[in-house]
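Me: Hi! Could you walk me through this protein model? I'm new to reading structures, so plain words please.

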Amino acid sequence: MGKRSREEAEVASELADGSSKKQKVKKDKKEKKEKRAKAVENGATESLSNGTTTPAEVEVDAEVKSEGLSKEERKALKRAKKEAAKAAAAEEAAENVAEGAGDEDAAAKAEKKARKRAEKAAKKAAKANGVATAEEDEVEPKSNGKAVTGVGKAEGDAYYKEKQIAVEDPLKEALGPVLSFDTLPFDVETRKAYFSGFSTPTPIQAASWPYLLNGRDMIGVAETGSGKTFAFGVPCINRLKKDQKRIQVCIVSPTRELALQIQEQMTKLAKPKGLKATCVYGGMSKDDQRQSLKGAHIVVATPGRLNDFIGDGTIDLSNTKYLVLDEADRMLDTGFEQDIRKIITAAADGKDRQTLMFTATWPESVRKLASEFLRNPVRITIGDNASGELRANTRIVQEVEVIEEMQKQSRLFDVLKQYQSGKNKKDRILVFCLYKKEATRIEEFIRRRGFPVAGIHGDLSQQKRMESLEAFKNGEVPCLVATDVAARGLDIPAVKLVINVTFPLTVEDYVHRIGRTGRAGQDGRAITFFTQNEKGLAGALINVLKKADQPVPEELMKFGTTVKKKGHDAYGAFFKDTSEMKAATKITFD
Ligand SMILES: Nc1ncnc2c1ncn2[C@@H]1O[C@H](COP(=O)(O)OP(=O)(O)OP(=O)(O)O)[C@@H](O)[C@H]1O
């Protein structure tokens with residue numbers, strides 16, 4: 001085709017396109033008018049394809065619902081109707097102007113303006129009518145409406161692969177991860193309040209949010225310090241009804257200090273929305289806690305005190321539709337099982353309830369019990385670990401020293417001298433013991449050697465426990481001696497070193513203990529004294545070291561690599577020979 005004829009063809013096609021566009025605009029307008037007339041006739045409340053409600057529709061809706069309104073409400077409704085009529089007239093005028101001028105740009109502008117007015121009127125009318133608008137309620141997550149989905153399949157799959165995320169979903173919803181806070185259903189101010197200081201969601205947050213916002217039950221398994229609290233905390237916020245001053249969200253935690261820490265995080269999420277989170281836990285006044293429950297929407301609790309309050313009628317969980325077991329494997333072990341059964345029975349029915357279980361360790365022994373309480377749960381596991389095997393945070397350097405019982409104190413002194421002197425004098429060190437009496441003795445030993453130290457264990461009053469933790473957190477005391485009450489969940493900034501003076505009863509507890517360091521993308525170090533007394537746990541410990549790519553001392557290998565089938569009542573371990581294990585790849589934490 002020659003140049004000229006090509007130009008002519010293009011002009012002709014443009015003209016043809018223009019006239020057909022005009023015809024289409026006319027046809028659309030005609031259809032819209034007919035639709036409005038029909039809506040008024042039928043009392044229908046259909047929405048336009050862009051999701052807004054037309055003034056006529058609002059009017060019909062308002063008419064239907066105006067019965068039983070107060071005088072003020074009727075007035076508001078009348079005003080809204082007027083607005084709606086004005087907007088409709090404006091829309092009509094805009095259509096006429098556009099038609100008369102034959103100018104599509106002007107028509108589009110006028111129509112846009114009119115639509116805005118119509119939307120405004122629709123919102124006013126809806127408000128007067130008690131219908132919440134999308135903006136007020138933000139996005140109300142639905143269980144089946146997929147209110148929030150993450151990125152598309154290709155991008156999502158690439159992210160899952162890069163971050164080694166395994167998603168097992170019996171319903172095969174295949175929701176992509178949320179890779180930016182901006183795509184969450186919160187306004188700018190709220191996002192700032194929640195996420196300032198964070199650059200992106202962590203892998204467990206990115207992968208779990210779309211499913212949780214869509215109402216799914218979940219098991220989330222991710223390494224210590226990887227942001228699980230916000231992973232389960234953020235999605236429930238939009239679901240809460242501010243005016244319903246009843247417990248709508250319940251989060252259960254195994255220890256008092258952890259419950260308080262979760263409450264702090266939940267308050268950060270609740271407060272900007274005018275919601276209240278409170279905490280109930282043992283060892284403190286019941287009356288004060290009863291008082292604090294007034295007007296609360298979210299309760300974080302330890303199981304014993306929660307059941308006390310359910311039993312005496314202080315707490316009614318029948319409206320609790322979002323139930324979280326944090327440190328879920330601990331919550332489901334034999335010590336807590338009965339308490340948890342009672343709590344779940346007191347909460348809303350399974351079909352109305354979203355149940356979540358989050359943890360860094362997910363032993364085989366609790367999985368069957370967990371399935372009793374969950375409905376088609378999505379299981380999300382981070383770290384090339386689809387089967388949910390025991391894994392330690394790979395940013396922690398793990399050193400294991402096989403020594404004699406009687407060498408422990410002098411080695412402890414050496415380690416403290418090495419890591420808490422000179423410019424490192426203020427570095428935080430957490431020392432774990434197995435027994436309360438042992439913790440008291442070790443604390444005294446450290447104090448006598450000239451190191452400022454505090455303690456936290458079950459022989460101390462709750463007040464004293466909280467004071468010790470606070471002094472450690474605010475840097476007043478750089479060394480804290482603890483039993484396993486401090487092993488799980490506690491998020492203390494910049495713990496440089498964890499020392500295990502006596503190995504815990506399970507290797508799961510070991511993973512949680514050392515997880516107090518190396519949090520939120522930081523590096524950390526753990527030094528563990530291992531004696532002949534714990535040789536039954538050597539195989540499982542060797543597995544954890546190998547999977548985290550850590551050196552395994554010869555002396556430890558000598559105890560054997562077999563993993564006992566049943567390690568402890570709490571967990572009833574799992575069987576795997578270490579030779580099958582492959583080293584873990586590092587997960588990046590943005
Ligand atoms: N998106 C994020 N980016 C950076 N830091 C984050 C992000 N989300 C949470 N954090 C921070 O990471 C730290 C660890 O979070 P959190 O306590 O929730 O970990 P966890 O996975 O529950 O750990 P544990 O298994 O020990 O209980 C906290 O200080 C938290 O404020």
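**A chat about the model**

Reply: Happy to! Eleven of the eleven residues of H8 are buried, so this helix is largely enclosed by the rest of the structure. Keep in mind that this is a predicted model.

Me: Cool. Which are the buried residues of H8?

Reply: They are Pro-203, Ile-204, Gln-205, Ala-206, Ala-207, Ser-208, Trp-209, Pro-210, Tyr-211, Leu-212 and Leu-213.

Me: And what follows H8?

Reply: Gly-215 does, and its phi is positive, near 85°.

Me: OK, what about the largest nonpolar core? Which residues touch the most other members?

Reply: That core has 84 residues, and the ones touching the most other members are Phe-195, Ile-237, Ile-251, Met-266, Ile-298, Ile-380 and Tyr-510. Helix H8, residues 203-213, supplies the largest share of this core, with seven residues.

Me: What is Phe-195 in contact with, leaving aside its neighbours within four places in sequence?

Reply: Phe-195 is in contact with Phe-181, Leu-184, Phe-186, Trp-209, Phe-230 and Val-234. Trp-209 is also one of the buried residues of H8. Apart from the largest core lies another core, of 31 residues, including Ala-296, Ala-328, Phe-336 and Ile-344.

Me: New topic! Where is Ser-226?

Reply: Ser-226 sits in the loop between strand S2 (218-221) and helix H9 (228-233).

Me: Buried or exposed?

Reply: Ser-226 counts as buried, because its relative accessibility is 7% and the cut-off for buried is under 20%. A polar atom of the Ser-226 side chain lies 2.6 Å from the backbone oxygen of Glu-223.

Me: You mentioned a positive phi for that glycine. What is the phi of Gln-164?

Reply: Phi of Gln-164 is near 55°, a positive value in a residue other than glycine. You'll find Gln-164 in the loop between helix H6 (153-162) and strand S1 (165-168). Gln-164 is buried, with a relative accessible area of 16%.

Me: And Asn-376, where does that lie?

Reply: Asn-376 is in the loop between helix H15 (364-373) and strand S8 (378-382). Asn-376 is not a glycine, but it has a positive phi of about 40°. With a relative accessible area of 41%, Asn-376 is partly exposed.

Me: Last one: what does UniProt place at residues 395-560?

Reply: An unreviewed UniProt entry places the feature "domain: Helicase C-terminal" there. Over residues 395-560 the chain is 36% helix and 20% strand. The end C-alpha atoms of that stretch are 26 Å apart.

Definitions and conventions:
Residues numbered from 1 in each chain as written. Predicted model: local features only at pLDDT ≥ 70, side-chain atom pairs only at ≥ 80, totals over all residues. Heavy atoms only, no water. Core = buried A, V, L, I, M, F, W, Y, C linked by side-chain atoms within 4.5 Å. Buried < 20%, exposed > 50% of the residue type's maximum accessible area, 1.4 Å probe, protein only. Helix = DSSP H or I, 4+ residues; strand = E, 2+ residues; numbered from the N terminus. Contact = heavy atoms within 4.5 Å. UniProt positions renumbered as here; feature names shortened; annotations may be inferred. Polar contact = N/O pair within 3.5 Å; in protein donor to acceptor, adjacent residues only side chain to side chain.
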